[in-house]
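Thank you all for coming. I would like to take a few minutes to go through one chain and its nonpolar core, so please have the model in view as I talk.

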Amino acid sequence: MEYSASELLIINAARLLKDGDTVFVGVGSPNLACNLAMRTHAPSLLMIYEAGVVGSRPSRLPLSIGDPTLVSGAAAVTSMYEIFSLYLQRGNVDVAFLGGAQIDRYGNINATVIGSDYQHPKVRMPGSGGSMEIAGWANRCYIMTPHQKRRFPEKCDFVTSAGFLGGRKQREATGARGGGTQCVVTDLGLMEPDGNGELVLTALHAGATAEKARENTGWDLKVAEKLRYTELPTEKELRILREELDPQGTYR
Amino acid sequence: MTKLTTLQDAVARYVKDGDTVYAAGFTHMIPFAAGHEIIRQGRKNLTLARATPDLIYEMMVAAGCARKLIFSYVGNPGVGSLRIIRERLENGSLEWEEYSHFSMICRLQAGATGLPFMPMNQTAATDLEKANPQYRRVKDPYTGVEVVVVPPLKPDVAIVHVQRCDVEGNAQIWGIIGEQKEAAFAAEHVILTTEEIVEESVIRSDPNRTVIPAFIVDAVCHVPYASHPSYTQGYYDRDNAFYLEWDRITEDPIRVKAWLDEWVYGVKDREAYWQKLPAETRKRLQVKQRLAAPVDYGEY
C-alpha cells in the first residue's frame, strides 16, 4: 500500500508506545500516533493532556490541546498546577512527544528563538509551553520531525528543553529525573542516543539510505553498527489512520 | 450582597491604565468579551499576563492596550504563530517576560497562596533561566540540592469566565479548570463574566463544584457567549475556523484594523457581537447535551 511521509512518521511513532504507558500527548501528529497505538497494540494507553485532562477518549481530532472533546468522557480533569506537579514532576509520566524548530546532536530542542541573541531574535517562536518540564521529567521523550538539515544543527541556538545537553553525564549532573530524548522519528528513519547521549542513525525506512540521512543532518551523523530497517506500515495501521482517526486527511 | 453589574461598569471600575491584568482560562473559557470591552474603553500601558496570550491578548496588543506581556507559550494553538505579537517581540516594540507553563503557574500559585516564592525541580534546560532574571535558585535546606524558584504573580485584576454563579459571585466551572482559581486568589480584584446567573440554592446543591468563592469576587457580569471564539464546556464549541481565520487576518495590518473596527469598536457589547455572527456560525457552535450522573450529598 502507498503511504505518505507523515503517515510513516505517525505509524513509527505509534510503535514506540507500550501498552500501559502513561503518555503526555500533544496535538497534531503525536495525537494521531497515540490514538493509533491505543487502537492497535496499546489498548490500555493512558493519555494525559497538558491542559489537565487525564484518560481522554476524544471522539474527533482536536485542533488544540484544550479542545472540549478531550474532556467529555475523560477519566479526570485537574488544574494546570496539578497536572504539572502531581503527574509530571512526581514522576508519573512515562512518555511524551515533543517538537521544535531545531533538534541538535544531543537531542536538545529549540522552540524559542532562532539567532544567538535572545533579546533580539531573528525569528521568535512560541517558546516552551509545557515542554521544558516534560523534557526534564518524563521517562522517555520522542520527537517526530521531517529529516531536514536546518532542523538538525550541530548545536541549538537556544535550549528550550533538554536532551543530553553536551553529553549524557552533563544531564545526569543536573539531577533531572527523566530519561531524556530516546528516539527521533524522521521520514528517513530513527535516531537514538548512544552511550554518551549523541543521536546516531539506528534504523532506516524502506527506500531510505544512510547517505541521505547523513546529507540531511547538520553534524557528522554516526551510523549504528547494526543498522536495521523499520517494518512497512501495515494495511491495518493505514486503514485506522485514514478511516477512523483522520478521515479528512488533515495530517496526510 | 449582589455584585451584579454590567461589564462596561466592571471594566471602568477595576481595570486602570498601567495595571497588570490576568485574563484566565487555559484554552477554555477565555474571557474575550472582557478583552474587547477593555479595548473599547481604550486602556493603555497594561501588563498582560497569561500562560497562552492567545487571540485575546493579540487583539489587545494590536489595539494598543499593552506595554508588556508575561507568557509561557506565545502561539496560536494548533495553528501557528501569533503574528502581531511575534513581530513586536522580534522588533522590540513590546516588553516581555517569559516562562515555561509550569513556572508561570507556579508564580500564580505563590501569589494565590501568599508564599514568597515557589520551588520547582530542575529540568536540565537552563537557557530560559539565564534569560529571565526572575528565575532564581535556592538550596533545599534539607538535602542541599538546588531547586529553581519563581516569585509570586499578583495581578491587579483577574478576569474569569464561568459557566454559572450566583449574584454574590460563588462561581462553578467544569471542563478544563486550568488556572482560574489560582488567578482569582492571586489578584487584588476579580471580575467574573458568566454564562448563567443561578439561584444560591443551585450553587449550594453542589458545593464541590464551586471553584471561586464570592468573598474574593468584586463584580459579577452576566455575559452569555463571552468566551467566543474560545468555548464554554457544555454551552458552545470552540470556533476553530475563526482561530484559522485570525491567522489570515493578521497577515495584513489593514485587515486587523478593519476586523477590530467591525467586531470590537463597532459593537456595543457581547450581545450585539453574538447576534452579528452569521446564523450558520452560531448553529455550528451548538453542542449536544451530555449530562453527568447526579451525586448524592445526603441530608444531614
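**The core and the two domains of chain B**

Let me start in the interior of what is, I should say, a predicted model: the largest nonpolar core holds 164 residues, and the members that touch the most others in it are B:Met60, B:Ala158 and B:Leu192. Domain 1 (7–103 + 153–284) and domain 2 (117–150) of chain B both contribute residues to this core, so it lies between them. If we take B:Met60 and set aside its neighbours within four places in sequence, its contacts are B:Gly35, B:Ile38, B:Ile39, B:Leu48, B:Cys65 and B:Ala66.

Now to the domains themselves. The C-alpha centres of domain 1 and domain 2 of chain B are 31 Å apart, and the contact draws on five residues from domain 1 of chain B and five residues from domain 2 of chain B. On the domain 1 side, strand S6 (95–98) and helix H5 (101–113) of chain B are the elements that give two or more residues, and by class that side has one nonpolar, two polar and two charged residues.

Finally, the chain as a whole. Chain B has twelve helices and 14 strands, and its radius of gyration is 20 Å, close to the 19 Å from the globule rule for 300 residues, so chain B is as compact as a globular protein of that length. Its C-alpha trace spans about 65 × 55 × 35 Å along the principal axes, and 49% of its 300 residues count as buried. Among contacts in chain B with a separation of 6 or more, 76% come from residues 24 or more positions apart.

Terms used:
Residues numbered from 1 in each chain as written. Chains lettered and ligands numbered in written order. Predicted model: local features only at pLDDT ≥ 70, side-chain atom pairs only at ≥ 80, totals over all residues. Domains from an automatic or database assignment. Contact = placed C-beta atoms within 7 Å. Helix = DSSP H or I, 4+ residues; strand = E, 2+ residues; numbered from the N terminus. Nonpolar A, V, L, I, M, F, W, Y, C, P; charged D, E, K, R; others polar. Core = buried A, V, L, I, M, F, W, Y, C linked by C-beta atoms within 7 Å. Buried ≥ 20, exposed ≤ 12 C-beta atoms within 10 Å, placed from the backbone. Rg over C-alpha atoms; globule rule 2.2 N^0.38 Å.
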